Amino acid sequence: MPLSNADISRIRGLGFCEDSFVVKENGGRKLRNSKGRCVFHNGQICTIYDARPEGCRIYPVLFNMHTREIVLDSNCPHMERFSITSGVSHDLTGLVKRLRKEKRGRLKSRRT
């Protein structure tokens, strides 16, 4: 799951060290996984549910980077309970734009 600056700040505010939950990759940042699941999922529930990242709040609606379409995650066992509404599409589009802008900023600062 990709992480925005706001997501990281919110989770750090809970007392977690960034290195314990962030994976940095090509200028992007995403949630660390352990044993096939998010480090904040204990096998039954999300342990930071109220502070979970924005992408988790929108899930199972995803942005397919290859087709540039908003889709439901076909791997979600409960996807039939969800639909792609205009509100969720708007939220996801805003998140994708913000993540891209933040990544460009990090990559630019590395070059200088």
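How many disulfides does the structure hold? The structure, which is a predicted model, holds zero disulfides, and the legends below take up this point together with other close-up views.

**View 1. The cysteines Cys38, Cys46 and Cys56 in a structure with zero disulfides.**
A disulfide requires two cysteine sulfur atoms within 2.5 Å of one another. The cysteine sulfur closest to that of Cys38 belongs to Cys56, and because the two lie 6.1 Å apart, they are too far from each other for a bond. Cys46 is likewise in no disulfide, since its nearest cysteine sulfur, the one in Cys38, is 6.2 Å away. Cys38 is partly exposed, with a relative accessible area of 22%, and Cys46 also counts as partly exposed, at 24% relative accessibility.

**View 2. The whole protein, with its helices and strands.**
The secondary structure comes to four helices and six strands, and the order of these elements, read from the N terminus, is α-α-β-β-β-β-α-β-β-α. The radius of gyration is 15 Å, close to the 13 Å that the globule rule gives for 112 residues, so the protein is as compact as a globular protein of that length. Its C-alpha atoms fill a box of roughly 45 × 30 × 25 Å along the principal axes. Of the 112 residues, 27% are buried. If one takes the contacts between residues at least 6 apart in sequence, 49% of them join residues at least 24 apart. The average pLDDT is 94, and 99% of the residues score at least 70; confidence is highest in helix H1 (residues 5-12), with a mean of 97, and lowest in helix H4 (residues 86-111), with a mean of 92.

**View 3. The hairpin formed by strands S1 and S2.**
Strand S1 (residues 22-25) pairs with strand S2 (residues 28-31) in the antiparallel sense, and the pairing runs over four bridges. Within this pair, Val23 stands opposite Lys30 in S2. Lys30 also takes part in a salt bridge with Glu25, in which the closest N and O atoms are 3.7 Å apart. Both partners are partly exposed, Glu25 with a relative accessible area of 44% and Lys30 at 32% relative accessibility. Two residues lie between the strands of the hairpin, and Asn26 in the turn has a positive phi of about 50°. Most residues other than glycine have a negative phi, and most peptide bonds are trans. Asn26 has its positive phi although it is not a glycine, and with a relative accessible area of 62% this residue is exposed.

**View 4. The salt bridge between Arg10 and Asp7 in helix H1.**
Side chains of opposite charge can pair when their charged atoms come close. Here the closest N and O atoms of Arg10 and Asp7 are 2.6 Å apart, and this salt bridge is one of three in the count. The two residues both lie in helix H1, three residues apart, which is about one turn of the helix. What sets the partners apart is their accessibility: Arg10 counts as partly exposed at 30%, whereas Asp7 counts as buried at 2%.

**View 5. The salt bridge between Glu54 and Arg98.**
In this pair the closest N and O atoms are 2.8 Å apart. Glu54 lies in helix H3 (residues 54-58) and Arg98 in helix H4, so the salt bridge ties together parts that are 44 residues apart in sequence. Glu54 is partly exposed, with a relative accessible area of 22%, and Arg98 is partly exposed as well, with a value of 33%.

**View 6. Backbone details at Pro60 and Lys35.**
The peptide bond that joins Tyr59 and Pro60 is cis, with an omega of about 15°, and Pro60 is found in the loop between H3 and strand S5 (61-64). Lys35 sits in another loop, the one between strand S3 (33-34) and strand S4 (37-38). The phi of Lys35 is near 55°, a positive value in a residue other than glycine. This lysine, Lys35, is exposed, with a relative accessible area of 82%.

**View 7. Asn75 in the loop between strand S6 (69-72) and H4.**
Asn75 counts as exposed, at 67% relative accessibility. Asn75 and Ser34 are 41 residues apart in sequence, and their C-alpha atoms are 18 Å apart in space.

Conventions:
Residues numbered from 1 in each chain as written. Predicted model: local features only at pLDDT ≥ 70, side-chain atom pairs only at ≥ 80, totals over all residues. Heavy atoms only, no water. Buried < 20%, exposed > 50% of the residue type's maximum accessible area, 1.4 Å probe, protein only. pLDDT = per-residue confidence, 0-100. Pairing = 2+ DSSP bridges. Salt bridge = Lys/Arg side-chain N within 4 Å of Asp/Glu carboxyl O. Rg over C-alpha atoms; globule rule 2.2 N^0.38 Å. Contact = heavy atoms within 4.5 Å.
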